[in-house]
Amino acid sequence: MAKGDAAQWRVEPGTKVHLGKIDTRSTDGAPGGKASTEAAMDELLHDLQGLQERLYADGGQSLLVVLQAIDAGGKDGTIKHVFRGLNPAGCRVVSFKVPSEEERNHDFLWRVHAKAPAKGEVVVFNRSHYEDVLVVRVHDIVPDDVWRPRYEFINDFEANLAASGTRIVKLYLHISKEEQAERFRARLDDPSKQWKFRKGDLDERAKWDDYVAAFEEAITRTSTDCAPWYVVPADRKWYRNWAVSRILIETLEDMDPQYPPAEDLTGVVIT
Ligand code: ADP
């Protein structure tokens, strides 16, 4: 495995994840420090754009990117910086909030399945069905015997998507508790960011260890060959953006979408 390969961050199916052992400030594999890594991004975003265009033209496969993190983990920043070059015609971001009454009246995958990518599309899930084994577990929203079987339901659901041509990449943006405090302070201090801060964020922060335990179990139980998890060190935003771009490019290259063959154009003259 070379440095900067997606395998560097992939959780191999069957291995137990210990988030405490993964350095949130890692810059492992980056082409250099902040300046040179940011400079390398232009080329990566260009490659990503080209691959997305081919995926769209090919129309036979799709890509689902699942983004999960603890609050202030950088989901919004990742979407803004990594997906900004994609053609909006073939790319959608779907944010999952507290389920509506209608959504609660269905099984937990109902609202998620409805938003899964169609062939040719890239879809980014900003939060996802994993909330149903994360926040739901931490806050005891449903009993144990309801959320526990969901790991298997999730694996079956994702296997079904994969079997119908959807590649699934699941990204856990890994920040430290100190970094979260820094980001919350930055939100409080900056009037243009205060809207992102809710007092309830501090109640969630107090449950940090419960969230870590919930993430560790979810990642361990649902990193599969057809839908692997990647743990991306995310204290340094420039490293996070670079690593996520590398993972997506490698995935799309492996999917190898092709432009459809042109019609026979011999003799065609534009007058
Ligand atoms: P974000 O924090 O992603 O930027 P919001 O501040 O609107 O967006 O938060 C969305 C909220 O919805 C989060 O607190 C999240 O835990 C909650 N949520 C998402 N899915 C579920 C779910 N299935 N059950 C309960 N709460 C959920």
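Here is a walk through the salt bridges, surface patches, unusual backbone angles and cysteines of this structure. Keep in mind that the model is predicted.

Let's start with the charged pairs. The count comes to 17 salt bridges, and a few of them deserve a visit. Take Arg54 and Asp256, whose side chains meet in a salt bridge at 3.6 Å, N to O. Arg54 sits in helix 1 while Asp256 belongs to the segment after helix 11, so this pair ties together parts that are 202 residues apart in sequence. What about their exposure? Arg54 has a relative accessible area of 23%, so it counts as partly exposed, because buried would mean under 20%. Asp256 is partly exposed too, at 41%.

Stay with Asp256 for a moment, since its backbone has something to show as well. Its phi is near 50°, a positive value in a residue other than glycine. If you want to find the spot, look just past helix 11, which covers 237-255.

Now move to Glu217 and Arg137. Their closest N and O atoms are 2.8 Å apart, and they form a salt bridge. Glu217 comes from helix 10 (residues 208-222) and Arg137 from helix 5, so here the pair ties together parts that are 80 residues apart in sequence. Both Glu217 and Arg137 are buried. The pair doesn't stand by itself, either: Arg137, Arg148, Glu217 and Arg221 are linked in a network of salt bridges.

For a pair within one element, go to helix 8. The side chains of Glu179 and Arg183 meet there in a salt bridge, with 2.8 Å from N to O. Why are they about one helical turn apart? Because Glu179 and Arg183 are four residues apart in helix 8, which runs over residues 177-189. Like the previous pair, Glu179 and Arg183 are buried.

Next, the surface. Asp42, Glu43, Asp47 and Glu253 gather there in a patch of negative charge. Which helix gives the most to this negative patch? That would be helix 1 (residues 34-58), with three residues. Glu43 is found in helix 1, and at 58% relative accessibility it counts as exposed. Helix 1 is also where you met Arg54.

There is a nonpolar surface patch as well, made by Leu265, Val268 and Ile270 and covering about 350 Å². Ile270 lies in the segment after helix 11, and its relative accessibility of 79% makes it exposed. Asp256 has its place in that segment after helix 11 too.

Two loop residues are worth a stop. Arg127 has phi near 70°, again a positive value in a residue other than glycine. You'll find Arg127 in the loop between strand 3 (122-126) and helix 5 (135-138), and it is partly exposed, with a relative accessible area of 24%. On the other side of strand 3, in the loop that follows helix 4 (110-113), is Ala118. Ala118 is partly exposed at 43%. The C-alpha atoms of Ala118 and Gly165 are separated by 9.3 Å, with their positions 47 residues apart along the chain.

Finally, the cysteines. A search of the whole structure finds zero disulfides. Is Cys91 buried or exposed? At 16% relative accessibility, Cys91 counts as buried. Cys226, by contrast, is partly exposed, with a relative accessibility of 30%.

Methods. Residues numbered from 1 in each chain as written. Heavy atoms only, no water. Disulfide = S-S within 2.5 Å. Buried < 20%, exposed > 50% of the residue type's maximum accessible area, 1.4 Å probe, protein only. Patch = residues over 30% accessible without salt bridge, like charges linked within 9 Å, V, L, I, M, F, W, Y side chains within 5 Å. Areas by Shrake-Rupley, 256 points an atom, 1.4 Å probe, with all protein chains shown as cover. Salt bridge = Lys/Arg side-chain N within 4 Å of Asp/Glu carboxyl O. Lys, Arg positive; Asp, Glu negative; His and termini not counted. Charge placed at Lys NZ, Arg CZ, Asp CG, Glu CD.
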